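Trainee: Please take me through one part of this model in detail, namely the place where the chains meet. I should then like the account to continue into the surroundings of that part.

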Amino acid sequence: MSRAPEHAPTFTRPPLARRLEPWLPVLLIPALMLAGLVLIPQGSSWLTLTVSGLAMGMMIFTIASGMTLVFGLMDVINFGHGAFISFGAFVGATVLLALPGMAGAADMPANVAAVALAIAAAMAAAGGLGLGFERWIVRPVYGSHLKQILVTMGGLIVAEQLIHVIWGGEQIAVPRPETLKGAVTFAGAALEKYRLLAVAIGLVLFLGMRWLLRATRLGLIVRAGVENPEMVQALGYRIRRVFVLVFVAGSALAGLGGVMWALYQEVITAGMGNQIMVLVFIVVIIGGLGSVEGCFIGALLVGLLQNYVAFLEPKAALVSNIALMVAVLMWRPQGMIPVVKAK
Amino acid sequence: MSEPILTLRSVATDIGRYHILHDVSFSVPRGEVTMLLGRNGAGKTTTLRTIMGLWRARTGQVLFADEDIAALPTAEISRRGIAYVPEDMGIFSDLTVGENLRLAAISGPMDKARLAWITAAFPPLKTFWDSAAGTLSGGQKQMLSVARAMIEERRLYLIDEPSKGLAPAIVTTLARALKDLKRAGATILLVEQNFALSRALGDGAVVMEDGRTVWSGRMADLAADAALQGRLLGMEGAA
């Protein structure tokens, strides 16, 4: 091929302030932690609350990450996502309660194996439920937000009633495995072992998702599909299969989040998923539709803020996350890191 | 004129309640550049989108290599060997230049020789390889859009107004690349409003008006007939 005529590229390096702009949401996390350090009188209390907030944020991220991709890639508002959380929690709890020898022994490998089995079963069950949900509930209403809201809300109610039928109407206690009970002391602060584990799982999940989305062809297809699904098809990719895969993966992650939440609260109810969904929606909206990074930042902000405010002014904790959402949307109406524009 | 690789027979397409294409029939000969011309709103973009399956033909046939592809999903049409450059360029702004091209190389890793060929034609793509495509200028985005279609050899290229709104220097770069693609034996169906560019690139021409094909023939004949240009394309000073 002949060489193009030389002409100066029109791209110029933007100023520093402009280059830092995309990173501003990331800076909110250390800024909030710093504000907490100033406002909370004791350093040990601040450390305990920070780990608790990060753990809570990681669990919300686990649940919300799949939902934001489904929202961005498929333009589907799935109010039924809470069903996958509850279903995953009940299946995971059933596995844990069926393995008293492994979960109840003061033996780290046995405890870890029991939790791993519970997580695997919960993810498989929630993923399977997601597959059926996509096929029979969501697929007929692609393209219609109003119908999606009505139909997925209906699906959520049916799923909750199914949980009542299978596991009964009472709440179920889910004791943590022996080695995950209690706390470790660090710098004078008591840090719950389970919360540290939740932080580690969330971090691994986030890094894994980033690698998948940034370094693999499947990730490229998903990121491109979030932005312009029509063009992805025109390049020769069967986007419908990717839709289903992402929906099932998102459901499985909600199941994982359900197990983590169950062990966090140590009690489960059929309506637990529905209750968490308020926080999940806040995170998805302030993070920016379709953005895993935005979802991660949003989840950590929600977790940290809720814990700090609950300590400083308990009555204000109920509205702290709504106030956060209002503030973020006034600053960035499309969310912190929007990938798709809200329609 | 060689045998056609693409033939449209009496294609009609609706968008919602509106009948956009009424009776579109033409052929694209293998190894030639066919220009799809017409005034704004004539139905050129809808024709390309109908071929790609992005709008469904209500009636008629879209024959590609003797197979009717009118009812196939878009991905299957693309996999038959058709590349598409849409009017809005369709680049993925959140992906880097390199990722846009890697995604377009659907059969596997990018061929190094072909990539070198493309980056020689479009040097800014190499310069901004790791930059998000959304940060490129309009001309660079168009280069990326065309490069993405060229990253693998295809049996047919559908290109929608590549010169639209671009600076003359960028149009010259794109024209050179398309000429090279033509020299390599590619079959191209090109929508273009720039008549000088059409004359330079086209072997054949199809003219549309109000959702119908109203003329088809050799580009040289159209270019030589000012009265015909005036009548079909409304070109001032042509008639």
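Mentor: The contact between the chains takes 24 residues from chain A and 33 residues from chain B. The model is a predicted one. On the side of chain A that touches chain B, α9 (217–227) and α10 (229–234) of chain A each supply at least two residues. Of the elements there, α9(A) gives the most, with 5 residues. By class, this side of chain A divides into 13 nonpolar, 6 polar and 5 charged residues.

From the contact we may turn to the nonpolar interior. The largest nonpolar core has 184 residues, and the members that touch the most other members are A:Ile60, A:Val283 and B:Leu158. Helix α3 of chain A, residues 43–74, contributes the largest share of this core, namely 17 residues. On the side of chain B, the core draws at least three residues from domain 1 (1–81 + 155–239) and at least three from domain 2 (86–153).

One of those highly connected members deserves a closer view. Setting aside residues up to four places away in sequence, A:Val283 touches A:Ile60 and A:Ala64. Under the same condition, A:Val283 also touches A:Cys295, A:Gly298, A:Ala299 and A:Val302.

Elsewhere in chain A, helix α8 (residues 193–215) holds A:Arg195. This arginine counts as buried because 21 other C-beta atoms lie within 10 Å, and the threshold for that label is 20 or more. Leaving aside neighbours within four places in sequence, A:Arg195 is in contact with A:Val51, A:Ser52 and A:Ala55. The C-alpha atom of A:Arg195 is separated by 9.0 Å from that of A:Leu180, a residue 15 positions away along the chain.

In chain B, strand β8 (residues 188–191) is a useful place to begin. B:Ile188 and B:Leu190 point one way from β8(B), B:Leu189 and B:Val191 point the other way, and all are buried. Strand β3 of chain B, residues 33–38, pairs with β8(B) in the parallel sense over 4 bridges, and B:Leu190 is the bridge partner of B:Met35. Strand β7 of chain B, residues 156–160, likewise pairs with β8(B) in the parallel sense, over 4 bridges; here B:Tyr157 stands opposite B:Ile188. Together with helix α7 of chain B (residues 168–183), the strands β7(B) and β8(B) make a right-handed β-α-β unit.

Two elements of that unit also enter the boundary between domains. Chain B is divided into domain 1 (1–81 + 155–239) and domain 2 (86–153), with C-alpha centres that lie 23 Å apart. Their contact takes 17 residues from domain 1 of chain B and 11 residues from domain 2 of chain B. On the side of domain 1 that touches domain 2, β7 and α7 of chain B each supply at least two residues. The element that gives the most to that side is α7(B), with 7 residues. By class, the same side of domain 1 has 9 nonpolar, 3 polar and 5 charged residues. The helix of the β-α-β unit is thus also the element that gives the most to the domain 1 side of this boundary.

Key:
Residues numbered from 1 in each chain as written. Chains lettered and ligands numbered in written order. Predicted model: local features only at pLDDT ≥ 70, side-chain atom pairs only at ≥ 80, totals over all residues. Buried ≥ 20, exposed ≤ 12 C-beta atoms within 10 Å, placed from the backbone. Contact = placed C-beta atoms within 7 Å. Nonpolar A, V, L, I, M, F, W, Y, C, P; charged D, E, K, R; others polar. Core = buried A, V, L, I, M, F, W, Y, C linked by C-beta atoms within 7 Å. Domains from an automatic or database assignment. Pairing = 2+ DSSP bridges. Right-handed = clockwise from strand over helix to strand, strands pointing away.
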